[in-house]
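Here is a short report on one protein chain and the ligands beside it. Look through the model first, then read on.

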Amino acid sequence: MWKPPERIKYQTTVERWPTGEEAVGSRLYSQLSSPNLSLEQRTWVPAMVPWRASEEGDVTQDVIDWYARFAEGMPGAIVVEATGIRDIPSGPLLRISDERYVAGLRRLTDAVREASGGRTRLLIQLIDFLTIRRRPQPETFFNRFLKVTSTHRQRLGMERQDEQIVRQRLFSLSDSELEDVLSPRELESLRQGYRERVTDTHLPAISALPTTLPVLFAQAARRAQAAGFDGVELHYAHAYTMASFLSATNTRSDGYGGSREHRVRLPLEVYEAVRAAVGADYAVGCRFLSDEIIATGSDIDDACFFAKEFALAGMDFLSLSRGGKFDDAKQPRVGGAAYPYTGQSGYECMPAYLSDERGPWGRNSEPVAQIRAAVHSAGMSTPIISTGGIHSFDQAEALLCEDKADVVGFARQALADPDWFQKVRLGRGKEVLLCRYSNYCEGLDQKHKQVTCELWDRADLDSPDAVLATDGKRRLTAPHWSP
Ligand SMILES: Cc1cc2nc3c(=O)[nH]c(=O)nc-3n(C[C@H](O)[C@H](O)[C@H](O)COP(=O)(O)O)c2cc1C
Ligand code: SF4
């Protein structure tokens with residue numbers, strides 16, 4: 001992952017934890033009563049992919065154990081990982097793309113309800129993503145993948161040569177010579193691996209996204225409802241299709257790109273289709289970016305505009321993330337795929353302990369406060385979830401008391417210690433395992449390995465309740481804690 005050049009080392013410490021009495025009387029542990037979304041406390045575990053589904057995208061016992069373990073901590077809500085809405089092979093990523101997935105997802109909602117005693121609301125994040133291929137061997141790229149065009153021939157002065165000879169010539173060129181012959185997109189396919197964009201409207205499937213996606217999202221949402229989820233979160237953040245529609249880099253000329261009004265059109269149409277499918281009294285919200293953190297990307301002004309549009313359209317909550325784009329991803333090794341959390345935008349999404357003078361904590365808090373203010377200025381009070389580097393009670397409580405958020409998201413801190421919510425509520429904050437922001441978990445995610453936390457994955461490996469990862473060295477869930 002990209003690191004800020006300052007490389008200042010930070011160590012997570014918490015000076016003060018509340019007593020049980022203070023916690024119970026706090027904003028953080030107060031209820032959120034919103035028409036379709038009532039939470040027992042204003043805490044939220046945002047989506048985190050743990051790579052535990054089957055190759056076919058089914059819920060496995062490991063998926064159930066993972067979420068049941070979070071539910072033991074009884075946060076206000078848990079959002080199940082990004083779950084695919086298309087019925088296409090996507091490795092061990094959870095899917096909701098067909099009726100056959102509903103029974104497994106029902107087992108998951110039942111398990112979470114049981115483990116939290118019905119206290120935790122469970123939502124599921126619905127995702128669509130476009131094709132991305134691994135970085136090819138140059139030889140394979142020039143022999144098979146590259147479509148030889150008249151432009152290449154012209155630039156090489158090889159108008160009449162046999163195609164195989166043109167390919168061989170291209171393969172023999174140096175990096176800088178290739179820059180004069182290949183288009184920027186072809187160079188990207190060679191250096192990073194081929195990646196589809198929402199602007200590739202010459203491809204029929206991409207051109208048709210405004211027609212196909214509302215139906216796919218709506219069907220997936222209906223399945224989520226049938227499986228017993230309390231709501232759905234539309235994934236409009238990071239590097240995926242819907243975020244790419246919102247992005248300032250979206251220059252589609254069919255009314256779904258260009259101006260902010262056009263970029264937000266499909267996300268709103270997807271929402272309308274989902275709402276029509278699940279009815280008026282079901283929680284539907286989205287996750288989007290407070291800032292894309294890429295040179296030509298959307299910024300906080302765009303995010304304020306989108307937030308108002310989503311709120312006015314009737315969304316039940318808005319959850320804000322930050323960065324996480326392909327645009328500035330590091331070059332993968334040959335045979336590897338680009339990963340959207342390796343550049344500066346990735347750092348802003350999951351800031352780590354090696355940081356700049358601002359440090360890794362709460363970097364999303366002020367932008368989210370601005371977005372919330374924009375929503376309120378439009379006369380709306382849609383609950384806003386603020387996530388990013390939050391690990392202490394005081395941080396979270398301040399966000400709520402200063403009207404900077406309505407609910408606080410704890411992603412890596414909940415992974416580090418799923419009992420944070422219980423421990424703090426009971427006045428036992430000193431027992432919390434504090435996230436070090438080492439991003440060991442994120443490194444596993446990048447390799448599509450079962451995600452665990454370094455603070456507990458080697459603890460009590462012999463205990464009867466420890467289920468081990470496929471590498472045989474790590475336990476898959478945190479050891480149980482009893483108050
Ligand atoms: C292992 C891992 C997987 C993640 N998967 C998702 C995901 O599926 N969807 C999503 O919106 N964010 C995902 N995120 C981002 C988190 O939800 C969160 O926004 C980010 O970690 C910053 O919050 P934190 O500082 O509280 O960890 C993931 C993060 C981690 C560490
Ligand atoms: S591995 Fe654990 S301590 Fe490190 S960032 Fe992830 S959750 Fe935090």
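This is a predicted model. Start with the overall size. The chain has a radius of gyration of 23 Å, which agrees with the value near 23 Å for a compact globule of 483 residues. The C-alpha atoms fill a box of roughly 85 × 50 × 50 Å along the principal axes.

**Overall build**

The chain contains 20 helices and 12 strands. Of its 483 residues, 48% count as buried. Contacts often reach far along the sequence. Take the contacts between residues at least 6 apart: 72% of them join residues at least 24 apart.

The domain assignment gives two entries: domain 1 is 8-132 + 214-446, and domain 2 is 138-191. Their C-alpha centres lie 42 Å apart.

**The nonpolar core**

In soluble globular proteins, nonpolar side chains tend to be buried together. In this chain, the largest nonpolar core has 117 residues. Ala 221 and Val 274 have the most contacts inside that core. Helix α10, residues 209-226, gives the core its largest share, 7 residues.

Which residues does Ala 221 touch, leaving aside neighbours within four places in sequence? Its contacts are Leu 126, Val 232, Val 274, Ala 277, Val 278 and Val 284. Val 274 therefore appears twice in this picture: as a contact of Ala 221, and as a residue with the most contacts inside the core, which is a set of buried residues joined through C-beta atoms within 7 Å.

**Around the ligands**

Two ligand shells can be set side by side.

| Shell | Residues | Nonpolar | Polar | Charged |
|---|---|---|---|---|
| Ligand 1 | 25 residues | 13 residues | 7 residues | 5 residues |
| Ligand 2 | 13 residues | 8 residues | 2 residues | 3 residues |

Begin with ligand 1. The closest residues are Pro 46, Ala 47, Ala 82, Ala 411 and Arg 412. The elements β5 (77-84), α18 and α20 each give two or more residues to this shell. Helix α20 gives the most, with 3 residues.

Now turn to ligand 2. Cys 435, Ser 438, Tyr 440, Cys 441 and Cys 453 come nearest. Helices α18 (412-416) and α20 (440-446) each supply at least two residues here. The largest share, 3 residues, comes from α18. Helices α18 and α20 thus serve the shell of ligand 1 as well as the shell of ligand 2.

**Two residues up close**

Ala 411 is among the residues closest to ligand 1. It sits in the loop between β12 (407-409) and α18. Is Ala 411 buried or exposed? Ala 411 counts as buried, because it has 22 C-beta neighbours inside 10 Å and the cut-off is 20 or more. Leaving aside neighbours within four places in sequence, Ala 411 is in contact with Val 45, Pro 46, Met 48 and Thr 387. Pro 46 is also listed among the residues closest to ligand 1. Glu 179 is another matter: Ala 411 and Glu 179 are 232 residues apart in sequence and 41 Å apart in space, C-alpha to C-alpha.

Asp 403 lies in the loop between α17 (393-401) and β12. Asp 403 is exposed, because 12 other C-beta atoms lie within 10 Å and the limit for exposed is 12 or fewer. Asp 403 and Ala 369 are 34 residues apart along the chain, and their C-alpha atoms are separated by 7.3 Å.

Key
Residues numbered from 1 in each chain as written. Chains lettered and ligands numbered in written order. Predicted model: local features only at pLDDT ≥ 70, side-chain atom pairs only at ≥ 80, totals over all residues. Near = placed C-beta within 6 Å. Helix = DSSP H or I, 4+ residues; strand = E, 2+ residues; numbered from the N terminus. Nonpolar A, V, L, I, M, F, W, Y, C, P; charged D, E, K, R; others polar. Contact = placed C-beta atoms within 7 Å. Rg over C-alpha atoms; globule rule 2.2 N^0.38 Å. Domains from an automatic or database assignment.
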